[in-house]
Amino acid sequence: MKNTMKLKLLAAAVMMVAGTAHAGTAYVGVPPAALVQQVGTDGSVTTPYDFGVIGTSATVLAVTVGGTPFGSFEEFANFTIPTPSNAVGSANTYTLNLLGINLLEITGLSVEVWDSVHPLGGTLFTTFPGNNATWSIGALAAGQYHLDIAGRFGPNAGVGQYSVALQAAPVPEPETYAMFLAGLGLMGFMARRRS
């Protein structure tokens, strides 16, 4: 009975500190120092997070967001692809469990990838869940894109943490393939000539 009351008081304190959605802290960076640059925006419609330019090294957005138990949230992040690229993404949530109660929990995290900056996108490229798996976003032309990130807080959690990682590998131009094939042909010719 005494422990149950302490847990309820602790949960109430966490909920009061949590505040409302978009009251969290976000960091954007490239590993290994991924969490070094604090983002000055709050992920809302009017001030979305900014991943910056996405390249061959993964860029990570790590966010702590507050709300109410069973409440939902939606946040937004813009990013830029500098050259035509094949892009991949991954998302994950984090849980803090104290004596069987999840005080830090997000469920049903999903990430949508749209063209243009938020809220101007009209084409949905893909949606992937927050299950820490790597998902193919596909071939993206050079330009600006944005993410719609949504989830729900757990039954005892007014705070949640999630991260989203993006990476883009440039698509080789046709001339590159032609040079590669010519090089293979030349190597085959040289090997045949030796024998």
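In strand β10, F128 is the bridge partner of V111. The structure is a predicted model in which local features require pLDDT of at least 70 and side-chain atom pairs count only at pLDDT 80 or more, whereas totals for chains, interfaces and linings use all residues. Residues are numbered from 1 along each chain as its sequence is written, and side-chain values use heavy atoms, with hydrogens and water left out.

The chain contains two helices and 13 strands; these elements are DSSP runs numbered from the N terminus, helices being H or I with at least four residues and strands being E with at least two. Of the 195 residues in the chain, 36% are buried, where buried denotes under 20% relative accessible area, exposed over 50%, and partly exposed the range in between (1.4 Å probe, protein chains only). The accessible surface of the chain comes to about 10,900 Å², and 62% of this area belongs to carbon and sulfur atoms; the areas were computed by the Shrake-Rupley method with a 1.4 Å probe, and for residues only the protein chains shown count as cover. Among contacts (heavy atoms within 4.5 Å) with a separation of 6 or more, 79% involve residues 24 or more positions apart.

An open sheet is formed by five strands in the order β3-β5-β12-β9-β10, with mixed pairing. Strands are taken to pair if DSSP finds at least two bridges between them. The edges are occupied by β3 and β10 (124-129), each of which has a single partner strand, so one side of each is left without a neighbour in the sheet. On average, neighbouring strands of this sheet are turned by 20° against each other, direction ignored; the axes are lines fitted to C-alpha atoms, for helices over the stretch in contact, and angles run from 0 to 180 degrees between N-to-C directions.

Within this sheet, strand β9 (residues 106-115) pairs with strand β12 (residues 143-153) in the antiparallel sense over eight bridges. Opposite V111 in β12 stands I149, and V113 faces L147 in β12. Strands β9 and β10 also run antiparallel and are joined by five bridges. The loop between β9 and β10 contains S116. Phi of S116 is near 65°, a positive value in a residue other than glycine, and S116 is partly exposed because its relative accessible area is 24%.

A similar backbone feature is found at F70, where phi is near 65°, again a positive value in a residue other than glycine. F70 is located in the loop between β4 (59-66) and β5 (72-81), and its relative accessibility of 63% is why F70 counts as exposed. Strand β4, by contrast, is mostly covered, with seven of its eight residues buried. Eight bridges join β4 to β13 in an antiparallel arrangement, and T64 stands opposite Q161 in β13.

The largest nonpolar core comprises 29 residues; such a core is a set of buried Ala, Val, Leu, Ile, Met, Phe, Trp, Tyr and Cys residues joined through side-chain atoms within 4.5 Å. The residues with the most contacts inside this core are F51, L61, F79, L147, I149, Y162 and V164. Apart from its neighbours within four places in sequence, V164 is in contact with F51, T59, V60, L61, S90, A91, V111, L147 and I149.

Strand β13 (residues 159-170) also includes A169, which counts as partly exposed because its relative accessibility is 39%. The C-alpha atoms of A169 and G55 lie 6.5 Å apart, although these residues are 114 residues apart in sequence. When residues up to four places away in sequence are not counted, A169 touches T56, S85 and N86. Contacts with S85 and N86 are also made by G138, which is in contact with A87 as well, leaving aside its neighbours within four places in sequence. G138 is placed in strand β11 (residues 135-140), and its C-alpha atom is separated by 8.4 Å from that of T126, 12 residues apart along the chain.

In the loop between β2 (37-38) and β3 (49-53) lies S44, which counts as buried because its relative accessibility is 13%. The side chain of S44 makes a polar contact with the side chain of T47 at 3.1 Å. A polar contact is defined as a pair of N or O atoms within 3.5 Å; within protein, one must be able to donate a hydrogen and the other to accept it, and residues adjacent in sequence count only if both atoms are side-chain atoms.
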